[in-house]
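Grab a coffee and open the viewer: here are some exercises to work through with the structure in front of you. Try each task before reading its solution.

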Amino acid sequence: MSLSFRICSSPLICRATLSNGDNSRNHHAIDAAFIRRAADLAEMSAGLTSPHPNFGCVIATSSGKVAGEGYLYAQGTKPAEALAVEAAGEFSRGSTAYLNMEPGDCHGDHTAVSALVQAGIERVVVGIRHPLQHLRGSAIRELRSQGIEVNVLGEDFESKVLEDARKSCLLVNAPLIHRACSQVPFSVLKYAMTLDGKIAASSGHAAWISSKLSRTRVFELRGGSDAVIVGGNTVRQDDPRLTARHGQGHTPTRIVMTQSLDLPEEANLWDVSEVSTIVVTQRGARKSFQKYLASKGVEVVEFDMLNPREVMEYFHLRGYLSILWECGGTLAASAISSSVIHKVVAFVAPKIIGGSKAPSPVGDLGMVEMTQALNLIDVCYEQVGPDMLVSGYLQPIPDLLPVIPSEDATVEIDPSVDPFEPSIIFFYKTWDLYGSFSNFSPHPIRMPCGGENDDYMTWSSVEHYYQANKFVGVENPMAHDCVEKIRTARSPEEAALIGRSTLRQKPELVRNDWEDVKIEVMYKALKCKFSTYPHLKSILLSTVGSVLVEASPHDLFWGGGREGEGLNYLGRLLMQLRSEYLDESSVSAENTSSA
């Protein structure tokens, strides 16, 4: 899930008929306009599930008319390219497909590429290559091998108008690009202040500086973030909820960063019935209070040295792409000094409150001359009700990625690398190299629900099937409704959200034998998936000799945990399934030889 961005410059207009003059320039303008539209579509997927890249696709006919559009709704759902092709129908043949980013086919089935090839697309224009190294260039090569003309902005042709369009593609996937290039999530510092630069009165009262319209925009920012972080002082003074409050979709994890753990026993953030809270603190701080938070369901993570850089590196390892900082001035200054803040979003209200002791949005940075001031780049200005929204970047979005040597090239560089040494294969997100191993991967399966009605149904993913089985066979209309809501959920993340929240809030709807059968349920679903898709079975068999570890740091049952303390049952089941397939192959080979 990544942050939602608004492109500030005026949209370009596509014109079907080229005017007299430089045809090349007009072609560039048309390409740029459609690429920008693809980026706008991609932005629509931000915040619906967490985390995934944002993909948009526009299919335009040779006359310059839009035939079909689509965007990736969430990880585990149908690709944007396939949706656009379906919308365009027969008009796809001979048309041009515009993609904000190279397709992310990472499950061995090339769904997005196949959709474009089979539809008869003649040309593909790509805004940027895929940022992740194991996917970068693979879809482009595949499209070209199928005889489709592929143009990549900034590589095959350049112009000012195309560079602006390309920048929109970088912006819409800035969190993913930063993750591919650095060891920290993409972080945005958000604050609201008065015209005289105060975020609260001298008493600490801060509700409300900005307008209702501005606060709605803040909820949108939260809904497009993986997590929201505040300091201990914000918890003590404001008692925030830090919810997105839009009633649906993604709600970010709440993170509290406090060195002393001097926090109140009663706080809105300790209610984790809807969304989780993580408290990060100094090692050894208030052990008794840590136990109290744990009893509430709040996760506590200790650091030897608590600073924003180490905290962000830790959450990078946990798979977070984007963090929204809504902290006070002291923590904001520390985060900026640690170079973990990439963007600033400031709401300036037309109010003056004064006060020599009233807090400001950023504390002491140690600067004594104006020439030391940090300058924002790509600054945007927007009026939101009575307020002015000013946003810009403290750090530019990385562009060109370093080329990581292949395994063969690595051996040539360093002969001491042993290619035969047993390895551990980690998988987690669906776009990882082995992302198809995830129970969230977009591979529908046909399985009976397991209740009184044992008819086979199509489930959009293993996760859909697994979550629904929590409530199968329970004689309660609400349990039946829950199964159907999960089955029709638009993404695996949403299916998981329904299943997990219902389990917490209404445990009476959960089948009595769930703890005894859940491993078997998962195994049956995995076996169905890998048996249904031969290419997935081949990928699984290619890992022979390697230990498979589901790398989710916060799942201590199915995953490996942060430091290997998890039970890794998903990895175990996959290795068990792999052994089954190997045994079947051995028996088949023996039968063939004896015959």
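**Exercise 1. Decide where to be careful.**
Find the stretches where pLDDT stays under 50, and look at how many contacts they make.

*Solution.*
Step 1. Start at the beginning of the chain: pLDDT stays under 50 over residues 1-21, and the model has 69 contacts beyond four places in sequence for this stretch.
Step 2. Now go to residues 416-422, where pLDDT also stays under 50. Here the model has 4 contacts beyond four places in sequence.
Step 3. Put this in context. This is a predicted model, with a mean pLDDT of 85 for the protein chain. Of the chain's residues, 87% reach 70 or more.

**Exercise 2. Take stock of the whole chain.**
How many helices and strands does the protein chain have, and what percentage of its residues count as buried?

*Solution.*
Step 1. The secondary structure comes to 18 helices and 18 strands.
Step 2. The chain has 595 residues, and 51% of them count as buried.
Step 3. For the surface, about 27600 Å² is exposed, with carbon and sulfur atoms supplying 51% of that area.
Step 4. Consider the contacts between residues at least 6 apart in sequence: 70% of these join residues at least 24 apart.

**Exercise 3. Trace the 5-strand sheet.**
Work out the strand order of the open sheet of 5 strands, and name its edges.

*Solution.*
Step 1. The order reads β2-β1-β3-β4-β5, and the pairing is mixed.
Step 2. At the edges are β2 (66-71) and β5, each of which pairs on one side only.
Step 3. On average, neighbouring strands here are turned by 15° against each other, direction ignored.
Step 4. Zoom in on one pair. Strands β1 (residues 56-60) and β3 (residues 96-101) are antiparallel and share 4 bridges; V58 has Y98 as its bridge partner in β3.
Step 5. Add the helices. Helix α5 (residues 160-172) packs on the sheet and touches β3 and β4, its direction making about 65° with that of β4. Helix α4 (residues 138-145) lies across β4 (123-128) and β5, running at about 150° to β5.

**Exercise 4. Place N151.**
Is N151 buried or exposed, and which residues does N151 contact beyond its neighbours in sequence?

*Solution.*
Step 1. Locate N151 in strand β5 (residues 149-152).
Step 2. Its relative accessibility is 9%, so N151 counts as buried, the cut-off being under 20%.
Step 3. Beyond four places in sequence, N151 is in contact with R123, V124, V125, V126, D156 and F157.
Step 4. For a distance check, take Y98, which is 53 residues away along the chain: the C-alpha atoms of N151 and Y98 are separated by 9.7 Å.

**Exercise 5. Trace the 9-strand sheet.**
Repeat the tracing for the open sheet of 9 strands.

*Solution.*
Step 1. The order is β10-β9-β8-β7-β11-β6-β12-β14-β13, again with mixed pairing.
Step 2. The edge strands are β10 (299-303) and β13 (377-384).
Step 3. Neighbouring strands of this sheet are turned by 20° against each other on average, direction ignored.
Step 4. Look at β7 (residues 227-231) and β8 (residues 253-257): these strands run parallel and are joined by 5 bridges. One bridge partnership here links V228 with R254 in β8.

**Exercise 6. Explore the nonpolar cores.**
Which residues have the most contacts inside the largest nonpolar core?

*Solution.*
Step 1. The largest core has 82 residues, and the ones with the most contacts inside it are I59, V124 and V279.
Step 2. Helix α1 (residues 23-43) contributes the largest share, 6 residues.
Step 3. Apart from this core lies another, of 41 residues, including W459, A495, M522 and L540.
Step 4. Return to V279. Its contacts beyond four places in sequence include V256, L263, W270 and V301.

**Exercise 7. Examine two positive phi values.**
Where do R286 and D378 lie, and how accessible are they?

*Solution.*
Step 1. Recall the background: most residues other than glycine have a negative phi.
Step 2. R286 has a positive phi of about 35°. R286 lies in the loop between β9 (277-282) and α9 (287-295), and is partly exposed, with a relative accessible area of 34%.
Step 3. D378 has a phi near 50° and is found in strand β13. At 40% relative accessibility, D378 is partly exposed.

Notes: Residues are numbered from 1 along each chain as its sequence is written. This is a predicted model: local features need pLDDT of at least 70, side-chain atom pairs count only at pLDDT 80 or more; totals for chains, interfaces and linings use all residues. Side-chain values use heavy atoms; hydrogens and water are left out. Two strands pair if DSSP finds at least two bridges between them. Helices (H or I, at least four residues) and strands (E, at least two) are DSSP runs, numbered from the N terminus. Axes are lines fitted to C-alpha atoms, for helices over the stretch in contact, and angles run from 0 to 180 degrees between N-to-C directions. Buried means under 20% relative accessible area, exposed over 50%, partly exposed in between (1.4 Å probe, protein chains only). pLDDT is the predictor's confidence in each residue, from 0 to 100. Contact means heavy atoms within 4.5 Å. Accessible areas come from the Shrake-Rupley method with a 1.4 Å probe; for residues, only the protein chains shown count as cover. A nonpolar core is a set of buried Ala, Val, Leu, Ile, Met, Phe, Trp, Tyr and Cys residues joined through side-chain atoms within 4.5 Å.
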